[in-house]
Amino acid sequence: MRAAQVSRLDGPQSIEIVDIPEPAAYPGGVVIDVHAAGVAFPDVLMTRGLYQMKPELPFVVGGEIAGVVRSAPEGAHVRAGDRVLALTMLGNAMAEVAVSPAEMVFKLPDNISLEAGAGILFNDLTVHFCLRTRGRLAAGETVLVHGAAGGIGTSTLRLAAALGAGRVIAVVSTEAKADVARANGATDVVLAEGWLAAVKELTGGRGIDIVLDPVGGDRFTDSIRSLAPAGRVLVVGFTGGDIPTVKVNRLLLKNAEVIGAGWGEWVRTHPGYLQQQWAEVEPLLAQGKIPPPQPTLYPLDRAAEAVAALDNRSATGKVVVTLR
């Protein structure tokens, strides 16, 4: 089978398209003919050996797929011919065939294409975890998301209202990205330059209930300043590069919280959590209350370019690599 493989840790440009043997089925595994694979920021880090989990070289890039079941264990909730999305978690996604544990395979709603499906699990379940489990989103609260035109950002804009937010404010770096944010459901859009003052004005000085921050860097302190009383900043990642520090007196003054939101680690240590998430998210997708993502598509031959688009921050929305 053809696959996007990393054999040296030199960044996205080191991804090569190679022919390798199909993975062997294992007990409890579902064999899937992969149609599309999602790209996420951990893929960028893994191509440099900078992610906390480090698969042995060489490894196949990617951690989420959509495709059609080739075979499934007897008694599994999916069977041959089912359209599914699945997690492979650390590698093994950008290949024509993948095997995933049955508990990480989910039926894809009929109203969602395989290409869009490949963009759902990592980002949408991360955002669901952030807002529902870690952020404790209450009905009518205001949510702000940095990097709003990116994968996590557009997922936040698509999900927040369905999960109860009353207002969703997008922070973006350019007017072109502002258009992306509006198309994905932002109530309000502000540019990163001067965003804090703009948000204070938009909220009449009250501030934000939940800030979802996948960017980090130099805007983090202003995220704390932007909070309403008892507001929460959710730390999702550091695509901006720098890992910020917190002056805790700012938390004391507003009864505010800075909350880590590591979805992958939570899933690893909370058996059954993925199924709980999907039980809530899947009906909202099937009913159209959460619109499907509109990913940017790259063919497998351009997998290196797809991952590089996240590295250089030129990507908007979810990036997906197509294999069939």
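Select helix H4, residues 151–159. Its buried residues are Gly151, Ile152, Gly153, Thr154, Ser155, Thr156, Leu157, Arg158 and Leu159. Buried means under 20% relative accessible area, exposed over 50%, and partly exposed in between (1.4 Å probe, protein chains only). Helices (H or I, at least four residues) and strands (E, at least two) are DSSP runs, numbered from the N terminus. With 9 of its 9 residues buried, H4 is largely enclosed by the rest of the structure.

This is a predicted model, where local features need pLDDT of at least 70 and side-chain atom pairs count only at pLDDT 80 or more, while totals for chains, interfaces and linings use all residues. Residues are numbered from 1 along each chain as its sequence is written, and side-chain values use heavy atoms, with hydrogens and water left out.

Now show what covers H4. The cover of its buried residues includes helix H3 (121–134), helix H5 (175–183) and H10. Strands E9 (142–145), E10 (167–172) and E12 (208–213) belong to it too. Contact here means heavy atoms within 4.5 Å.

Stay with H10, residues 273–286, and pick Trp278. Then add Phe106 in strand E8 (residues 105–107). A search of the whole structure finds 5 aromatic pairs. Rings of Phe, Tyr and Trp (its six-membered ring) pair if their centres lie within 6.5 Å; planes under 30 degrees apart count as stacked, over 60 as edge-to-face and the rest as tilted. Phe106 and Trp278 form a tilted pair, because their planes stand at 45°, with ring centres 5.4 Å apart. The pair ties together parts that are 172 residues apart in sequence. Both Phe106 and Trp278 are buried.

Next, select Trp266 and Tyr273. Their ring centres are 6.3 Å apart and their planes at 70°, so this pair is edge-to-face. Tyr273 is buried, at 8% relative accessible area. Trp266 is partly exposed, at 24%. Add Phe129: ring pairs link Phe129, Trp266 and Tyr273 into a cluster.

Move to Val248 in helix H8 (residues 248–254). Val248 is exposed, at 58% relative accessibility. Its C-alpha atom is 9.3 Å from that of Val258, 10 residues apart along the chain.

Finish at the open sheet of 3 strands, in the order E2-E1-E4, with antiparallel pairing. Two strands pair if DSSP finds at least two bridges between them. Strand E1 (residues 2–6) is joined to E4 by 2 bridges. Put Val6 and Phe59 in view: Val6 stands opposite Phe59 in E4. E2 (15–19) and E4 (59–60) are the edge strands, each with a single partner strand, so one side of each is left without a neighbour in the sheet.
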